[in-house]
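Got your viewer open and a selection box ready? Let's walk through this one stop at a time.

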Amino acid sequence: MCCSHSFEDKPLPGQKPEAFDISAVKGMKFFDPHVHMTSRTTDDYQAMADAGVVALIEPAFWLGQPRTGIDSFRDYYSSLVGWERFRSSQFGIKHYCTIGLNSREANNEALAEQVMEILPLFVYKDGVVGVGEIGFDDQTAAEEKYYRLQLDLAKEAGLPVQVHTPHRDKKHGTQRSMDIALEHGLDPYTVIIDHNNEETVKEVLDRGFWAAFTIYPFTKMGNQRMVEVVKQYGSERIMINSAADWGISDPLAVPKTAALMKLNGISAEDIELVTYRNAITAFAQSGQIDEADFGVNIDQSAKFEGNSILRGGQQPRVDKSSIIIS
Amino acid sequence: MFGYDREALQGELATIIQNNITTDAWAWLSQQGDITNTASFNATFAMMPRKTGKGLIHIAPEQAEQLNTIRPGFTIEGWTADRLGRVYLMLQADAIDQERYFAVIENLFLAAEMNELVALYSALPILAYPELWVKRCAEGIRSNIGSVLEAIMYYNPYPAEYLPEAAWNQLVMKAIFTDKQLDLITGLNERNNPELARILMDFARERGAAGRSVVPELWHLASPFTDAGIVNAVKQQYSTINTIN
C-alpha cells in the first residue's frame, strides 16, 4: 500500500481505458504477492479467480486512518489470518499474509510498543509468510526504531521481510532500508523490496535483494513502464503486485500486466517468473507456502457428502445478467 | 475443576499423539504448557503445525472408546495433528489459578485464526471450569466460518451440556441456515424444546412464503411440541407455495 496520494490534486485519466482481454493469458496462473483484500469486496475475489489468480499475500498495513488502541491492531491482524483467508478460500484463492507494524503507525510510540508485544502471537501463525510491510514513510527516528526491531523479529522467526519503500525521497529511503537490513544481518535473498521504479531497481537487484513492482494508478508503476523494465532487467528476482487497497486501484493488475507483456513479446517463461514463480520462491522461504494448496477448483453448487462448501448462508455463484434476485 | 479424570485423559492422548507425530515433535510438545509464561504459551499454540504437521490422526477403535469412557461424548476422530496438539497443550496448562487460566485461554480465542479457532472450540469439553466458557461458546456460534461452526456443532458434547436454551436454539438454527448436518450435532434430540419448535415452525412458514425449501429434520424437531394439525397445515401451505424451486 500505497495511499498517500490526494484524490483532489490528481487528474483522472483522460482517455477511455482499453478493455482487458483476458484471453491473452487464459489458462495462466498468477500470484499477487501484495494486495489489501480487507479493502475490497467479494466481487473482486471472484474477478481475480476468473482471471487466474490462484494465491495472494495480504500485507498488514494502514487502514486509511490511524488506529487508536491495541485491540484495533489485534482485530486487524486476526482478520488477515481469519475472515479474509476464509473469504478468499471461497473462490479457490489461497490467502497468505505478512504481519507487521506499518511505518506510519510506528510514529505513535506508546501504541507501537504495545503492538510489538503482540506481534509474536501473529508472526508464528500458520500461513504467515513474512514480516511486512515494514520500512519507512516519513523516515523518522521512530520509524527506524520499529523497522529495526521488526527485522530482528523476522530473523528470529525465520521469516522473509517485505519492505515498503516511501513515496517521498524514495531513492534515499530505499537505499537506507537495504543498508539497515544488511546491518541486522539479514540475507538480502530473504528481503523483498517493494514499490520499485526505474530509479531504484538496478541497485536493489545489484545488492541481491528481491525487487517487487506495484502496478498502481497515479502513484506507482504503470504496466506499460513495467513491460520496459522487464525488457531491460529480465525476470530474475523481479515480481509484480497490485497493492490494491481502498484507493483507486486494480486487483487485476497482475493478470493485466501479464497480458500486456504477452502482447509486447515477452516470453511466457519470463511472464511466469515475474507474475507467479518468483514471489513463491521468495516467500516460500517462510516454510509456509505449499503450491498443492493453490487454486483448488471450487464449484460452489457442488456438495460433498451432502455438505455444501457455501458458508454463512452464502449463495452459490449466479448469473449476474439476470434481473431477478432470488 | 474438570468434571472428568484429567490425568487419565492426558495419558491416553499422550499415547495417541506419540503414535502420530515425530519423536522430535513429541519431545518438544511434552515440555510445553507452562501457562505462567504467557508469551511462550502463546507462541507454542501458534506454531503447533510447524512442529506436529497437519496430518490426519490415526486412532484405534479401542482408544476412541477409552476417550469416550473418560470424557463421554469426546472424540478426536478426523482431527489433524496440530488440532490435537493444541488441545493437548491446553490440557497441560495448570488450571489452579483460575483467573490466569481463563485470561490466557480467552486471549488465544481473541487472536485466533480459523484452524486455531477450530482447535479452541474443540477443547471446550475438556477445559477446566466448564461454566466459564458458556459465553465464549455462544459467541462461536455467531461465526460465519463453516469449519469453526462444525467444531462447535459436530461431535462436541459441550454445547448440549452447558448452553442455556436460547443459545442452544441459536446453534440449531445456525446449523440449519448454514446447511450443516443436523444428525452430527451432539444432543440434538435431548435438548429439543418447545421454544425451538415455535422458532422452527415460524421459520418454515417464512420459507414457504419465499418459495424456499426446508430441511426434513425440521418437521422431526418441531413435531413433539406442535399440534399435528398445525404441522400438517404448514407442510401443506409449503407444498402449495413451493412450486418455484
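Before the first selection, a working cut-off: a salt bridge here means a side-chain nitrogen of Lys or Arg within 4 Å of a carboxyl oxygen of Asp or Glu. Keep in mind too that this is a predicted model.

**Stop 1: E109(A) and K145(A)**

Select E109(A) and K145(A) and show their side chains. They form a salt bridge, with the closest N and O atoms 3.2 Å apart. E109(A) sits in helix 5 of chain A and K145(A) in helix 6 (residues 141-157) of chain A, so this pair ties together parts that are 36 residues apart in sequence. Colour by accessibility and E109(A) comes up as partly exposed, at 36% relative accessibility. K145(A) is partly exposed as well, at 35%.

If you like hunting for such pairs, there is plenty to pick from: over all chains, the structure holds 33 salt bridges.

**Stop 2: R207(A) and D179(A)**

Stay in chain A and pick R207(A) together with D179(A). Their side chains meet in a salt bridge, 2.6 Å from N to O. R207(A) is in the loop between helix 8 (201-206) and strand 7 (210-214) of chain A, while D179(A) belongs to helix 7 (residues 170-183) of chain A, so the pair links parts that are 28 residues apart in sequence. R207(A) counts as partly exposed at 27% relative accessibility, and D179(A) counts as partly exposed at 36%.

**Stop 3: S103(A)**

Now go to S103(A), in helix 4 (residues 103-106) of chain A. Is S103(A) buried or exposed? With a relative accessible area of 2%, S103(A) is buried. Turn on the neighbours to see what surrounds it. Leaving aside residues within four places in sequence, S103(A) is in contact with F61(A), G135(A), F136(A), D137(A), E143(A) and H164(A). Put a distance label on one of these: the side chain of S103(A) reaches the backbone nitrogen of D137(A) at 3.5 Å.

**Stop 4: where chain A meets chain B**

Zoom out and show both chains. How many residues are in contact across the boundary? The contact involves 24 residues of chain A and 26 residues of chain B. Between them, chain A and chain B bury about 2,100 Å², 49% of it on carbon and sulfur atoms.

For the polar side of things, the interface has 6 residue pairs in polar contact, both partners at pLDDT 80 or more. On the chain A side, helix 2 (70-81), helix 3 (83-89), helix 5 (109-123) and strand 10 (307-308) each supply at least two of the residues that touch chain B. Sort that side of chain A by class and you get 10 nonpolar, 8 polar and 6 charged residues.

Chain A and chain B also share 3 salt bridges. To look at a single cross-chain pair, select R85(A) and E113(B): they form a salt bridge whose closest N and O atoms are 3.9 Å apart. Then select K125(A), D82(B), R86(B) and E116(B) as a group, which are linked in a network of salt bridges.

**Stop 5: chain B on its own**

Hide chain A and switch chain B to cartoon. What does the secondary structure of chain B come to? It comes to 14 helices and 0 strands. Along its principal axes, the C-alpha trace of chain B spans about 65 × 35 × 30 Å. Of the 245 residues in chain B, 56% are buried. For a contact map of chain B, take contacts between residues at least 6 apart in sequence: 74% of them join residues at least 24 apart. The accessible surface of chain B is about 10,800 Å², with 51% belonging to carbon and sulfur atoms.

**Stop 6: helix 9 of chain B**

Select residues 146-153 of chain B, which make up helix 9; 7 of these 8 residues are buried, so the helix is largely enclosed by the rest of the structure. The buried ones are G146(B), V148(B), L149(B), E150(B), A151(B), I152(B) and M153(B). Step just past the end of the helix to Y155(B), which takes a positive phi of about 50 degrees.

**Stop 7: E161(B) and R71(B)**

Last selection: E161(B) and R71(B), whose side chains meet in a salt bridge at 2.7 Å, N to O. E161(B) lies in helix 10 (residues 157-162) of chain B and R71(B) in the loop between helix 4 (61-70) and helix 5 (81-92) of chain B, so the pair ties together parts that are 90 residues apart in sequence. Check the accessibility colours once more: E161(B) is partly exposed at 40%, whereas R71(B) is buried at 7%.

Key. Residues are numbered from 1 along each chain as its sequence is written. Chains are lettered from A and ligands numbered from 1 in the order in which they are written. This is a predicted model: local features need pLDDT of at least 70, side-chain atom pairs count only at pLDDT 80 or more; totals for chains, interfaces and linings use all residues. Side-chain values use heavy atoms; hydrogens and water are left out. Contact means heavy atoms within 4.5 Å. Buried area is the accessible area (1.4 Å probe) that two parts lose on being put together, summed over both. A polar contact is a pair of N or O atoms within 3.5 Å; within protein, one must be able to donate a hydrogen and the other to accept it, and residues adjacent in sequence count only if both atoms are side-chain atoms. Helices (H or I, at least four residues) and strands (E, at least two) are DSSP runs, numbered from the N terminus. Ala, Val, Leu, Ile, Met, Phe, Trp, Tyr, Cys and Pro count as nonpolar, Asp, Glu, Lys and Arg as charged, and the others, Gly among them, as polar. Buried means under 20% relative accessible area, exposed over 50%, partly exposed in between (1.4 Å probe, protein chains only). Accessible areas come from the Shrake-Rupley method with a 1.4 Å probe; for residues, only the protein chains shown count as cover.
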